[in-house]
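Work through the two exercises below with the sequence and the 3D structure open beside you, and try each task before you read its solution.

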Amino acid sequence: MRRIALGFLIGTASLQQLTVLPGKVFLAGLLMALLVMILLAWLFRRHSWSAAMSLFIGTGMGFFMASLIAHQLLAGSLPAELEGQDVIVEGYIASLPEQQGRRLHFQFVPQSLHWQGEVQAVPGKLLLSWYPRKGYEIPSVHVGERWRLQVRLKRPHGFSNPGGFDYEAWLFRQGIRAKGYVRYMAKSSAKGLSVDATAPVNQRLSPAANAYRVEQLRETLRSRILASLDDHPLRGIVLALAIGDRQQISQSQWDVLTRTGTNHLVAISGLHVGLVAGFAFFLMRRLWCFSAHAVVRWPAAKAGAVAALLAATVYAMLAGFSVPTQRALVMVAVVMLAIIVQRHTRPSNLLALALLLVLMIDPLAVVAAGFWLSFGAVAVIVYGMSGRLAMNSYWWRWGRVQWLVAVGLFPALLLLFQQASLIAPLANLLAVPWVSLVTVPLTLLGSISLGFSVTVGEWLLSLSTLSLDVLWWWLDGLARWKLAAWQQMAPPLWAMPVAVIGIFWLLAPRGVPARWVGLTGLLPLLFVSPAVIPQGQARFTLLDVGQGLAAVVQTQNHVLVFDTGPRFSSGLNTGEAVVAPYLRAQGRRYIDTLVVSHGDNDHMGGVAGLRASIPTGQVLGSVPQRIDGAESCHAGQSWQWDGVMFVMLNPGEHVYTGGRKDNNHSCVLRVQAGEHSVLFTGDIERAAENELVRVFGNKLASDVLVAPHHGSNTSSTPAFLAAVSPAIALFPVGYRNRYGFPKARIVQRYTDRQVRLFDTAQHGAIGLQLGNKTGLEAVITHRQQAARYWHVK
């Protein structure tokens with residue numbers, strides 16, 4: 001079992017590294033090979049090489065099943081010709097609607113799709129947003145309702161940056177094959193789009209369907225809990241513990257949970273599902289023993305196992321059967337079924353069976369960090385507590401569990417998130433039993449009681465929030481420690497197996513000599529350093545922040561960030577979500593200079609998030625009055641770092657009239673490293689370009705040009721391009737952005753000059769090494785470098 005499960009894991013994980021899925025012929029050949037191998041394994045099951053055969057069979061099965069699921073999901077992709085078109089969809093609201101700022105956010109399962117009066121193939125799930133509009137209010141939308149909606153869709157697309165989150169992978173795992181927003185249009189202009197042109201374009205067709213009863217119950221519970229707790233700051237955590245809805249948890253609360261290593265407490269996963277199952281098991285076993293007749297007919301332990309399985313299933317349903325909850329339910333089911341069938345087996349075999357079942361249900365689980373952390377934690381506990389369950393006191397054993405998890409998951413946390421909490425054992429030592437034995441029971445009892453007695457339910461929920469207030473005082477105090485979390489660049493892959501061997505030795509059972517030597521296996525994780533940039537050279541990266549701009553220039557000992565990208569209505573900002581993770585992945589912990597070209601959201605929306613994430617020195621900008629501690633950028637400023645020259649060319653003394661004055665006052669920065677140079681232009685338009693040409697002329701010449709104003713028709717004049725004479729032009733644009741950047745006329749203007757063109761929507765983050773011999777030839781594009789089969793081609 002263990003070898004098959006391990007092989008299945010290897011096969012499933014291997015498929016997720018491919019850029020293109022294997023074809024039908026290959027899969028048919030693989031299936032035939034598997035059948036032959038299974039036959040041989042059965043015929044020679046007592047042979048010495050049967051163990052290796054089991055591993056190979058598991059690997060092939062995992063690869064084959066994961067391929068089938070992946071092909072099925074890709075088959076539901078939105079056809080490219082429907083991107084950006086107004087289409088009519090009919091289907092069901094499939095998730096709890098989320099209010100994110102001004103917009104309503106929900107998943108939608110389409111049953112039909114019409115475009116220009118013709119029926120089209122129905123894609124997989126849709127992720128839709130509904131924005132208010134003057135004269136139109138967003139109607140009340142509830143899960144399970146059937147709607148006809150006019151929407152504009154595009155295929156899933158996310159940021160693509162080193163060290164960043166793969167949003168497209170997350171959407172793929174959720175089965176979401178298109179994103180879009182609801183459109184408003186008069187009936188007269190909607191002809192040819194709707195099945196019935198006389199009906200309202202956006203219309204509720206029927207109330208909630210029976211198939212969504214569980215989701216409706218969750219929505220009802222959410223409304224009652226929120227009404228009961230008013231505006232209590234920790235109500236989001238109560239909601240997360242009750243029904244798995246974490247959208248009400250603020251970013252500052254997430255920061256505290258992350259720094260203390262307790263963010264797992266607000267995910268309904270193994271801890272909470274196991275707790276509910278444990279309560280049900282011991283309660284039913286105790287009650288069953290009161291009846292001698294019942295005990296004679298069926299053992300109390302089996303009755304407890306059935307009750308535990310039912311309780312865990314109900315709790316998982318309340319949590320919306322999220323992926324972590326599914327994993328937890330499978331693991332509980334494996335343990336309880338072993339009790340029912342009276343099969344005594346080693347914990348490692350139970351863990352292997354749970355792993356195999358999870359991967360068979362959801363082969364894409366290996367893409368999620370939570371999969372590796374949850375199974376890794378259980379595996380470390382099983383290994384580290386072997387032979388110690390009956391030793392010492394409860395608190396000693398509980399403290400050792402925290403030590404095991406902290407040490408065992410340390411390498412994975414550094415690899416996946418470039419950070420790990422150093423105080424997690426101390427925080428979890430008290431937080432886990434407190435939440436498990438006090439907060440969760442009060443939360444569940446209070447939530448259930450709301451359906452019978454609002455007064456009792458509100459009283460229990462108030463006690464739940466009181467318990468969280470006490471806990472939060474403890475966690476917030478710990479999070480304020482400067483050394484609460486360790487942050488560094490991700491360790492190299494070769495350091496991971498070394499660390500695993502070291503942990504295996506360090507946590508070995510008593511009697512193994514010199515266990516402390518295992519600590520040496522962790523050293524490669526901690527003493528890694530980024531590749532040294534030679535004197536006089538610079539590493540330039542234009543980051544993918546969607547429709548916005550953020551770029552980083554690194555010299556040997558310094559870092560400059562030019563703009564930080566946008567902040568979205570959902571609260572996400574790319575300074576914190578893109579720029580900071582990139583710098584951590586590069587091993588950079590300090591920003592020497594931050595330049596904010598001008599005041600538009602797509603350039604400065606991430607400033608606050610970035611400065612909160614990474615210490616920042618000097619801040620320059622054309623709108624210093626809008627940024628704490630900032631100074632004005634102006635023509636003539638210059639400095640040198642490690643042999644690399646930085647010169648500010650704009651804004652000068654010229655006063656602009658017409659157009660976007662703030663655009664024309666954008667900071668324009670030229671960076672020279674050896675024989676190579678790059679010109680940052682912000683959102684300057686024709687007037688500023690003409691002034692720069694008049695003042696500097698051919699001194700504007702640069703090898704790399706970050707295209708002015710994202711490739712707008714207002715910029716990139718022929719005179720300006722002639723003066724700059726770039727070899728490479730970079731367009732910082734969002735995928736299918738609403739402005740249509742870069743404009744076709746502007747692209748043609750660059751093409752006519754035989755300029756090599758790259759854009760962040762198509763290529764993701766774009767990197768160049770300035771000052772070396774091959775800098776302009778070796779253009780690194782992250783979307784191609786990190787391509788996977790689920791990414792938009």
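**Exercise 1.** In this predicted model, find which residues lie nearest the centre of the second largest pocket, and which helix gives the most to its lining.

*Solution.* Begin at the centre of the second largest pocket, where Tyr315, Leu318, Leu444, Leu445 and Ile448 lie nearest among the 22 lining residues. Next, look at the elements that give two or more residues to this lining, which are helix H5 (213–229), helix H6 (235–243), helix H8 (270–288), helix H10 (300–318) and helix H15 (424–449). Of these, H15 gives the most, with six residues. Then sort the lining by class, which yields 18 nonpolar, three polar and one charged residues. Finally, note the volume of this pocket, which is about 410 Å³.

**Exercise 2.** Determine which cysteines are joined by a disulfide, and whether Cys633 is buried or exposed.

*Solution.* A disulfide requires two cysteine sulfur atoms within 2.5 Å, and Cys633 and Cys667 satisfy this with an S to S distance of 2.0 Å. The count for the model comes to one disulfide. Cys633 lies in the loop between strand S16 (631–632) and strand S17 (638–641), while Cys667 lies in the loop between helix H22 (661–664) and strand S19 (668–673), so the bond ties together parts that are 34 residues apart in sequence. The torsion about the S-S bond is about -85 degrees, and therefore the disulfide is left-handed. For the last step, recall that buried means under 20% relative accessible area: Cys633, at 3%, is buried, and Cys667, at 0%, is buried. Cys289, by contrast, has 47% relative accessibility and counts as partly exposed.

How values were computed:
Residues numbered from 1 in each chain as written. Predicted model: local features only at pLDDT ≥ 70, side-chain atom pairs only at ≥ 80, totals over all residues. Heavy atoms only, no water. Helix = DSSP H or I, 4+ residues; strand = E, 2+ residues; numbered from the N terminus. Buried < 20%, exposed > 50% of the residue type's maximum accessible area, 1.4 Å probe, protein only. 1 Å grid on protein atoms, 1.4 Å probe; cavity = no way out; pocket = protein on both sides within 12 Å on 5 of 7 lines; lining within 4 Å. Points joined across faces, edges and corners; volume = space filled by probe spheres on them. Nonpolar A, V, L, I, M, F, W, Y, C, P; charged D, E, K, R; others polar.
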